Amino acid sequence: MLITSVNNERIRELVKLKDKKYRDKIGLFFVEGLDIVKEAYENGVLEHIYILEGYDNPYEDIDTTNISIEVMKKISDMESISGYYGVCRKIKERELGNKILLLDNLQDPGNLGTIIRSGVAFNFDTIVLSNDSVDLYNPKVIRSTKGMLFKINIVNRDLKKFILENDDYLIYGTDVIKGINVREIDKDKKIGIVIGNEGKGMSLGVKELCNKFIYIPINGKCESLNAGVAASIIMYEVNNR
């Protein structure tokens, strides 16, 4: 089947996937590019592939529709369009594990993508996104993860409620004044590390629930680190402690 009209009913539905409310309503999201379509397929969440006319079909066992370049431009969220657009089911939650990262009102898609990639690289089990953080299935987040969103457990929660309900974790916040050196984190405990909002830091309610605080020693000429960079350094140190 080849779809050439941007006004096709199915194409109008695909365009709606750019909207978070619609993604949440139907439990689907989209990925673009053959590499990340492959990751979605291998992780069992790929439902349908839309392939640019003239491109090969990599998966005969997945429902496939061919589309014209005009249609691909309509549904794509990329400046330079890919030949492959995959519709996926949202990823199922897994066990929390012993090393978790809690993101408190993180807003930048690039920061979340960086943190997800670092979480995989440095063997963290779970990333807990506060309900007011940037959406995991935001197309910019998905692109910046380079497919790593399929390789780590990521959940959305009310952070205060989550911390209270999981009191077997030692929760570390970040504080350059009250904190201990990140290299002094207790290696024998189940731990959670809180990373706050890019501009405001941790919310007061979450900060009050932290058991301890840590900081990253940096040159005094530098006032602070980007949230994605800071989280990556902390996860690296925890992984190598």
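Where does isoleucine 218 lie in the chain? Look in the loop between strand E12 (212–215) and helix H9 (227–239). Keep in mind that this is a predicted model.

Isoleucine 218 has a relative accessibility of 38%, so it counts as partly exposed. It also has company: together with Leu225 and Val229, Ile218 makes up a nonpolar patch on the surface. The three of them add up to about 210 Å² of accessible area.

Now for the rings. Searching the whole structure turns up six aromatic pairs. Here are two of them:

| Pair | Distance between centres | Angle between planes | Type |
|---|---|---|---|
| Tyrosine 41 and tyrosine 59 | 3.8 Å | 15° | stacked |
| Phenylalanine 122 and tyrosine 236 | 5.5 Å | 80° | edge-to-face |

Take the stacked pair. Tyrosine 41 sits in helix H3 (residues 34–42), while tyrosine 59 belongs to the loop between strand E3 (46–52) and strand E4 (63–67). With their positions 18 residues apart, the two link distant parts of the chain. Is each tyrosine buried or partly exposed? Tyrosine 41 is partly exposed, at 27% relative accessible area, whereas tyrosine 59 is buried, at 12%.

The edge-to-face pair links distant parts of the chain too, with its members 114 residues apart. Phenylalanine 122 is in the loop between helix H5 (109–121) and strand E7 (126–130), and tyrosine 236 is in helix H9. Tyrosine 236 has 41% relative accessibility, so it counts as partly exposed.

One more thing to find on screen: Phe30, Tyr50 and Tyr85 come together as one aromatic cluster.

How values were computed. Residues are numbered from 1 along each chain as its sequence is written. This is a predicted model: local features need pLDDT of at least 70, side-chain atom pairs count only at pLDDT 80 or more; totals for chains, interfaces and linings use all residues. Side-chain values use heavy atoms; hydrogens and water are left out. Patches are made of residues with over 30% relative accessible area and no salt bridge: like charges are joined within 9 Å, nonpolar side chains (Val, Leu, Ile, Met, Phe, Trp, Tyr) within 5 Å. Accessible areas come from the Shrake-Rupley method with a 1.4 Å probe; for residues, only the protein chains shown count as cover. A salt bridge is a side-chain nitrogen of Lys or Arg within 4 Å of a carboxyl oxygen of Asp or Glu. Helices (H or I, at least four residues) and strands (E, at least two) are DSSP runs, numbered from the N terminus. Buried means under 20% relative accessible area, exposed over 50%, partly exposed in between (1.4 Å probe, protein chains only). Rings of Phe, Tyr and Trp (its six-membered ring) pair if their centres lie within 6.5 Å; planes under 30 degrees apart count as stacked, over 60 as edge-to-face and the rest as tilted.
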